[in-house]
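Please take a careful look at the bound ligand and at the space around it. The report below is meant for someone who has not met this structure before.

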Amino acid sequence: MSAVYVSPDDIRDRFAAAMSDMYRREVPAYDKLVDLVETVNAEYRSNMTAEIAAASDEQSERFEKERHGAIRLGTADELSMMRRVFALMGMLPVGYYDLSQAGLPVHSTAFRPVTAEALSANPFRIFTSLLRLDMIEDEDLKKRAGDALAQRKIFSERAVELVKIGEAQTGLTTSQAEAFISEVIKTFEWHAQAQVSQQDYSSFLELNGLIADIVCFKGPHINHLTPRTLDIDDVQRRMPQWGLDPKAVIEGPPARQCPILLRQTSFRALKEQVSFRTGDGKQIVGAHTARFGEVEQRGAALTPKGRALYDELLGAVLAETRSASASVDYTGLLSAVFAAFPDDWRQMMSEGLAYFTFELTDAGKRATSGIDDDVETWIENGWVIAVAQTYEDFLPVSAAGIFRSNLERDEAPQFTANSNQSAFETALGASTMDPFALYQETQDRSLARCRAALLAAR
Ligand code: OOG
Ligand code: NI
């Protein structure tokens, strides 16, 4: 009887809160960032017009508790077990992100809820990367990395047992869910003790900061959490006053009247004390730089056509930045180039650039005649309103920027691009879902609901 089980949405909600609590305790700078974001959001809200509030999910309950995080895994077994863990929380793998394009030896997916209902309950997402040992050319280091990963167990026995129970029952009881959360959260704890020698650590670090972070420790510590803000420019500006060291630029699109996709910034990763093993069983003290805090501002999900335009414009900005000899005003350039992206919801809808959900208005509920199939006419008649769907995913170029500004050295691309989605999915033990299809489905369903209601009234 499924009624005895806690809903996956509830488990995710509690898990997300527990993760945020843990990270606030572990990384006081993140605690400060959350306070800053709450301050900025409260100020912004007090100036927000009712119109703006109604046209977005920015007033919704999900907003304040909204977080994403990121982890980096070492092996296929770790990734496939992680998939099973997240499935019990209603988080499924969406999208494939090829970071080798940006010269990083990982590829990734985002575990997240996929239905409109689950997203509004709590949209908690984890950007999950898998190390690509195949991209390490040095055979000796590749072997040492593989050996270090082979000897670690990132999940407790009890966690694995609870996953199996949850799968067999297709759910967890209240006490099982509590145990599940407290067991699984251990996987994401920080380990100040490296499982390799300082010499090995240095060799991995020399190769790439990500490799050192993934290979040298007992588990995939959560490396950042990200609250959502209403005004990312304000957060970026105020970080130094709060004692936080922001990365140089905000990733993603420029500030706009009609926000699109995702804008992100972070405070730079902290240098933290760790210890390394020595041959004689002693420990020596060193440092590792991996953990940071991030902020995001989310806008509308774009259709493939809108996304292609975004990619084209961003590509032009990056090409110009690279070719410029002197330092360019990146923010000014970004805004200038993105003037070519329509900044008006109606236009974005008629040109098919963004995804929307359609809702019947009170006038629509009373409408009794003149109903045809054209949604634009319904909107003109005031029967239906269109609200842009929030983008629930990530952006590969932005993710690369976030990765890079948090590696100890800002490394130039060292690895050759070679996308390998099928290898990723084999490791995952499942295919990744297509994000565009999810937004399209939500849009189609909302349209069908409006149509049915209007036809029934005829
Ligand atoms: C992941 C970086 C990507 C984002 O928000 O784009 C990311 C990492 O540093 O492991 O979290
Ligand atoms: Ni992130």
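What follows describes the ligand, its surroundings and the cavity, in a model that is predicted.

**The ligand and its neighbours**

Ligand 1 has 13 residues around it, and those that come nearest are His68, Arg72, Asn223, His224 and Gln264. Sorted by class, this shell holds seven nonpolar, four polar and two charged residues. Two elements, the strand β1 (67–73) and the helix α18 (396–405), each supply at least two residues of the shell.

Oxygen atoms of ligand 1 also lie at short listed distances from N or O atoms in three side chains, as the table sets out.

| Side chain (N or O atom) | Distance to an oxygen atom of ligand 1 |
|---|---|
| His68 | 2.9 Å |
| Arg72 | 2.7 Å |
| Glu294 | 3.1 Å |

Taken alone, ligand 1 exposes 320 Å², and the protein buries 100% of that area.

**The cavity**

Where does ligand 1 sit? The ligand is placed in the largest cavity, and a search of the whole structure finds five cavities of 30 Å³ or more. The space that lies in the largest cavity comes to about 130 Å³.

Its lining is made up of 15 residues, and the ones that lie nearest the centre of the cavity are Ala70, Phe127, His224, Ile402 and Phe403. Two or more residues of this lining are given by each of the elements β1, β4 (125–131) and α18, and the largest share, four residues, comes from β1. By class, the lining divides into eight nonpolar, five polar and two charged residues.

Read together, the two descriptions meet at several points. His224 is among the residues that come nearest to ligand 1, and His224 is also among those that lie nearest the centre of the largest cavity. Likewise, β1 and α18 contribute to the shell around the ligand as well as to the lining of the cavity.

Notes. Residues are numbered from 1 along each chain as its sequence is written. Chains are lettered from A and ligands numbered from 1 in the order in which they are written. This is a predicted model: local features need pLDDT of at least 70, side-chain atom pairs count only at pLDDT 80 or more; totals for chains, interfaces and linings use all residues. Side-chain values use heavy atoms; hydrogens and water are left out. A residue is near a molecule or strand if one of its heavy atoms lies within 4 Å of it. A polar contact is a pair of N or O atoms within 3.5 Å; within protein, one must be able to donate a hydrogen and the other to accept it, and residues adjacent in sequence count only if both atoms are side-chain atoms. Accessible areas come from the Shrake-Rupley method with a 1.4 Å probe; for residues, only the protein chains shown count as cover. On a 1 Å grid over the protein atoms alone, a cavity is a set of points where a 1.4 Å probe fits but cannot get out, and a pocket is an open set with protein on both sides within 12 Å along at least five of seven lines; lining residues have an atom within 4 Å of a point. A molecule sits in a cavity or pocket if more than half of its atoms lie within 2 Å of its grid points. Ala, Val, Leu, Ile, Met, Phe, Trp, Tyr, Cys and Pro count as nonpolar, Asp, Glu, Lys and Arg as charged, and the others, Gly among them, as polar. Grid points are joined across faces, edges and corners, and a volume is the space filled by probe spheres set on the points.
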